[in-house]
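Trainee: I am new to this structure and would like to learn how to read it. Could we go through it feature by feature?
Mentor: Yes; here it is.

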Amino acid sequence: MAGVEDLKLLGMWASPFALRVKLELRLKGLSYEYIEEDLMNKSELLLNYNPVHKKVPVLIHNSKVLYESSVIVQYIDEAFAGTGPSLLPADPYERATTRFWGAYIDDKLLAAWMQSSRGKMEEERERKGRSSRDPGGSTEGVLQGEALVRRGQCWTPLLAAWAERFGALEAVEPVLPDVNRLMEFAKMMQEQIAAAAAGAGN
């Protein structure tokens, strides 16, 4: 991998936000030191570098500290413009549009999906899951180059096909976490949340 820069990434293996940064670093061919964080027992390093949000990912580049995966992705693309492929469009309009859809996925789809997976009961998970549906299939519309495609759910066929193609890329596959391990982790988190809720109700 390329790179003589001092790059460190604080992340957590199951975090989709940390994974986003790991994928970009891999696709750009950049060498970096990865520091795995236990978010149930946060390290002093994480608390010192990100005292406000206390979350991953955190990127340290030559003593400069950056937070929030979307900010980090844009920073890497610009700071290492001559290294590897550019992951954001050069055209200002297309770049702004890409940032918009990235924020849309984070704020509407991913956030609702994560809430759904944390539901304490089946009914709550179903209610939260309904809110993660992509109104009018707008994400699909972007993938097809149309304004809207009315499919009515978030992980629709084009999005699933894109995810499968992306996951099969040679540079991407080694970075993706094991699906079975993710499922076990999600189950454990749901059990912990349910136990905490039951304890609070007593």
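Trainee: What is the nearest side chain of opposite charge to K22, and how far away is it?
Mentor: Side chains of opposite charge can pair when their charged atoms come close. This is a predicted model, and in it K22 is buried yet has no salt bridge. The nearest side chain of opposite charge is E36, 5.6 Å away. A salt bridge requires the nitrogen and the carboxyl oxygen to be within 4 Å, so K22 and E36 do not form one.

Trainee: Where is K22 found, and which residues is K22 in contact with beyond its neighbours within four places in sequence?
Mentor: K22 is found in helix α1. Leaving aside those sequence neighbours, K22 is in contact with L9, Y32, Y34 and V175. As for the helix itself, α1 covers residues 16-28 and lies across β1 and β2. Helix α1 runs at about 150° to β1.

Trainee: How many salt bridges does a search of the whole structure find?
Mentor: The search finds five. Take D106 and R20 as one case: they form a salt bridge whose closest N and O atoms are 2.6 Å apart. D106 lies in helix α4 (residues 92-117) and R20 in helix α1, so this pair ties together parts that are 86 residues apart in sequence.

Trainee: Is D106 buried or exposed?
Mentor: D106 is buried, with a relative accessible area of 14%. Its partner R20 is partly exposed, at 26% relative accessible area.

Trainee: Which residues does R95 form salt bridges with?
Mentor: D77 is one partner of R95, with the closest N and O atoms 3.5 Å apart. D77 lies in helix α3 and R95 in helix α4, so the pair ties together parts that are 18 residues apart in sequence. E78 also forms a salt bridge with R95, and there the closest N and O atoms are 3.3 Å apart. This pair too links distant parts of the chain, with E78 in helix α3 and R95 in helix α4, 17 residues apart. Salt bridges that share partners join K28, D77, E78 and R95 into one network.

Trainee: Which of D77, E78 and R95 are buried?
Mentor: Both D77 and R95 are buried; the relative accessibility of R95 is 13%. E78 is partly exposed, with a relative accessible area of 47%.

Trainee: Now the sheet. In what order do its strands lie?
Mentor: Strands of a sheet pair through backbone hydrogen bonds, either parallel or antiparallel. Here four strands make an open sheet in the order β2-β1-β3-β4, with mixed pairing. The edge strands are β2 (33-36) and β4 (64-67), each of which pairs on one side only. From one strand to the next, the twist averages 20°.

Trainee: Which pairs of strands run parallel and which antiparallel?
Mentor: β1 and β2 run parallel and are joined by four bridges. In that pairing, G11 stands opposite E36 in β2, and E36 is the residue named earlier as the nearest side chain of opposite charge to K22. β1 and β3 pair in the antiparallel sense, again over four bridges, and here L9 stands opposite L59 in β3. Strand β3 (residues 58-61) is also joined to β4 by four bridges, and these two run antiparallel. The bridge partner of V58 in β4 is Y67.

Trainee: How many residues of β1 are buried?
Mentor: Four of its five residues are buried, so β1 is mostly covered. On the other pair of strands, helix α3 (residues 69-79) lies across β3 and β4, running at about 130° to β4.

Trainee: What does the secondary structure of the whole chain come to?
Mentor: It comes to eight helices and four strands. Read along the sequence, these follow the pattern β-α-β-α-β-β-α-α-α-α-α-α.

Trainee: And how much of the chain counts as buried?
Mentor: Of its 202 residues, 32% count as buried. The chain exposes about 12,300 Å², with carbon and sulfur atoms supplying 56% of that area. Among contacts with a separation of 6 or more, 53% are between residues 24 or more positions apart.

How values were computed. Residues are numbered from 1 along each chain as its sequence is written. This is a predicted model: local features need pLDDT of at least 70, side-chain atom pairs count only at pLDDT 80 or more; totals for chains, interfaces and linings use all residues. Side-chain values use heavy atoms; hydrogens and water are left out. Two strands pair if DSSP finds at least two bridges between them. Axes are lines fitted to C-alpha atoms, for helices over the stretch in contact, and angles run from 0 to 180 degrees between N-to-C directions. Contact means heavy atoms within 4.5 Å. Buried means under 20% relative accessible area, exposed over 50%, partly exposed in between (1.4 Å probe, protein chains only). Lys and Arg count as positive and Asp and Glu as negative; His and the chain ends are not counted. Accessible areas come from the Shrake-Rupley method with a 1.4 Å probe; for residues, only the protein chains shown count as cover.
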